[in-house]
Amino acid sequence: METPGSQSSLHRANLERVVRAVRTAGSLTQAEIARTTGLSAATVSNIVRELKKGGTVDVTPTSVGGRRARSVSLSGDAGIVLGVDFGHSHLRVTVGNLAHKVLAEDSEPIDVDASAAQGLDRAEAVVTRLLAEAGIGTEKIIGAGLGVPGPIDVETGVLGSTAILPGWAGTNPRDDLAARLGVPVHVDNDANLGALGELVWGAGQGVADLAYIKVASGVGAGLVLRGQVYRGPGGTAGEIGHITLDESGPVCRCGNRGCLETFTAARYVLPLLTPGHGPELTMPRVVALAREGDPGCRRVVADIGRHIGSGIANLTNLLNPSRVVLGGDLADAGDLVLDPIRESVARYAIPSAAQRLSVVPGALGGRSEVLGALALGLSEMGDAGLLTLGSSAAVSA
């Protein structure tokens with residue numbers, strides 16, 4: 001029986017510390033594990049040997065700076081994690097293992113007016129199909145991450161008022177999906193998951209403090225502070241879309257006037273171009289036309305960029321991030337939108353903060369949120385439970 005402070009409890013804690021470091025990063029060399037955990041190289045070597053014997057980790061030869069090393073990752077047989085992301089008109093599902101390898105992925109259109117139950121029915125069906133196609137049994141699933149486009153109560157999992165998926169307001173998609181899958185489900189909003197996806201797999205790798213800005217049907221920011229997504233006590237941190245730019249501006253869905261969202265979100269800016277481009281215009285089409293040289297679309301994209309830059313300047317003055325990653329459809333506009341953003345940041349942000357800030361497009365495109373959901377499922381897993389997935393030697397030694 002383990003007692004606090006005993007050698008066995010200390011050893012167990014070190015095992016979990018190593019597993020946590022590897023799980024978070026996907027793979028690390030033994031030297032990187034030692035630096036991350038603060039454990040000695042000899043201790044790390046013994047623990048990795050033990051975890052490998054127990055089937056919890058895989059060890060493969062690699063090289064770092066021309067020198068031979070050993071890369072450690074969680075075993076691909078240790079379990080499967082799902083990422084599920086709902087957007088304004090899409091459902092995306094991804095299947096990955098604990099070594100951060102994506103095994104299967106697909107997306108489907110969904111009806112914005114569908115109920116939460118109908119949406120989760122679709123998600124369950126896509127999960128079943130992807131697992132069958134990949135030859136993976138449902139018993140391998142050990143957790144899932146879920147993304148939804150709206151404010152989430154971090155304690156209860158209840159989705160607040162949302163204009164993007166109105167049929168979902170007041171529901172608890174976390175508990176509903178957990179009941180369907182029979183595994184723990186962790187939920188977050190789409191902007192936070194975009195930030196997490198870019199942090200783990202995309203343009204935010206290696207950055208401890210960043211903001212992910214998503215401009216689509218609404219405007220939101222996912223904030224990463226000291227390597228962790230910051231949600232705030234109520235889960236609403238990052239509502240950059242409701243920064244006031246003009247108190248006499250258009251009425252926003254939140255009830256205020258002149259919010260950033262009213263100058264940048266698709267529902268507000270597309271009508272500006274309807275007279276010359278027709279009522280079926282979409283934001284991806286605006287971006288494509290802007291890249292082709294359409295003067296009206298270029299002007300709208302540039303204006304959006306300047307407004308977003310004002311919001312980012314406020315964010316920069318408050319939090320001083322080192323990188324801002326632009327996601328959503330606008331990211332495909334490249335410098336047509338990024339240059340106006342940078343100009344506004346340079347004008348309105350404190351110079352010392354602006355000089356240290358880089359503004360870049362997301363590297364994952366439309367996959368950032370679903371990969372963020374996968375990363376959420378991976379990051380919220382209990383390390384003690386992972387040890388039991390291997391041999392009992394990894395637990396009792």
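## A tour of two sheets and a helix pair

Start by selecting helix α1 (residues 7-25) and helix α2 (residues 30-37): their axes come within 10 Å and cross at roughly 110 degrees. That makes α1 roughly perpendicular to α2, a term for angles of 65 to 115 degrees, with under 35 counted as roughly parallel, over 145 as roughly antiparallel and the rest as oblique. Axes here are lines fitted to C-alpha atoms, for helices over the stretch in contact, and angles run from 0 to 180 degrees between N-to-C directions. Helices (H or I, at least four residues) and strands (E, at least two) are DSSP runs, numbered from the N terminus.

The crossing of α1 and α2 is right-handed, meaning that the near helix is turned clockwise from the far one by less than a right angle (anticlockwise would be left-handed). Now show side chains: Arg17, Val18, Ala21 and Val22 of α1 meet Ile33, Thr36 and Thr37 of α2, where contact means heavy atoms within 4.5 Å.

A word on what you are viewing: this is a predicted model, in which local features need pLDDT of at least 70 and side-chain atom pairs count only at pLDDT 80 or more, while totals for chains, interfaces and linings use all residues. Residues are numbered from 1 along each chain as its sequence is written, and side-chain values use heavy atoms, with hydrogens and water left out.

**First sheet**

Next, select β6, β5, β4, β7 and β8, which in that order form an open sheet of 5 strands with mixed pairing; two strands pair if DSSP finds at least two bridges between them. β6 (102-109) and β8 (185-189) are the edges, each with a single partner strand, so one side of each has no neighbour in the sheet. On average, neighbouring strands of this sheet are turned by 15 degrees against each other, direction ignored.

Zoom in on β4 (residues 80-86) and β5 (residues 90-97), an antiparallel pair joined by 7 bridges. Here Val81 stands opposite Gly96 in β5. Then add helix α6 (residues 190-201), which packs on the sheet and touches β7 (141-148) and β8, its direction making about 105 degrees with that of β8.

**A stop at Asn189**

Stay with β8, which runs parallel to β7 and is joined to it by 5 bridges. Of its 5 residues, 4 are buried, that is, under 20% relative accessible area (exposed is over 50%, partly exposed in between; 1.4 Å probe, protein chains only). Which residue of β8 does Val148 stand opposite? Pick Asn189. Asn189 is buried, with a relative accessible area of 9%. Its side chain reaches the backbone nitrogen of Ala191 at 3.1 Å. Not counting residues up to four places away in sequence, Asn189 touches Val148, Gly150, Ile152 and Gly235.

**Second sheet**

Finally, select β11, β10, β9, β12 and β13, the order of another open sheet of 5 strands with mixed pairing. Its edge strands, β11 (228-230) and β13 (358-361), each pair on one side only. Neighbouring strands are turned by 25 degrees against each other on average, direction ignored.

Strands β9 (residues 210-215) and β12 (residues 323-328) run parallel, with 6 bridges joining them; find Lys214 opposite Gly327 in β12. Helix α10 (residues 295-319) packs on this sheet against β9, β10 (219-225) and β12, at about 155 degrees to the direction of β9. Your last selection is helix α11 (residues 335-348), which also packs on the sheet, touching β12 and β13, with its direction at about 165 degrees to that of β13.

Terms used
A polar contact is a pair of N or O atoms within 3.5 Å; within protein, one must be able to donate a hydrogen and the other to accept it, and residues adjacent in sequence count only if both atoms are side-chain atoms.
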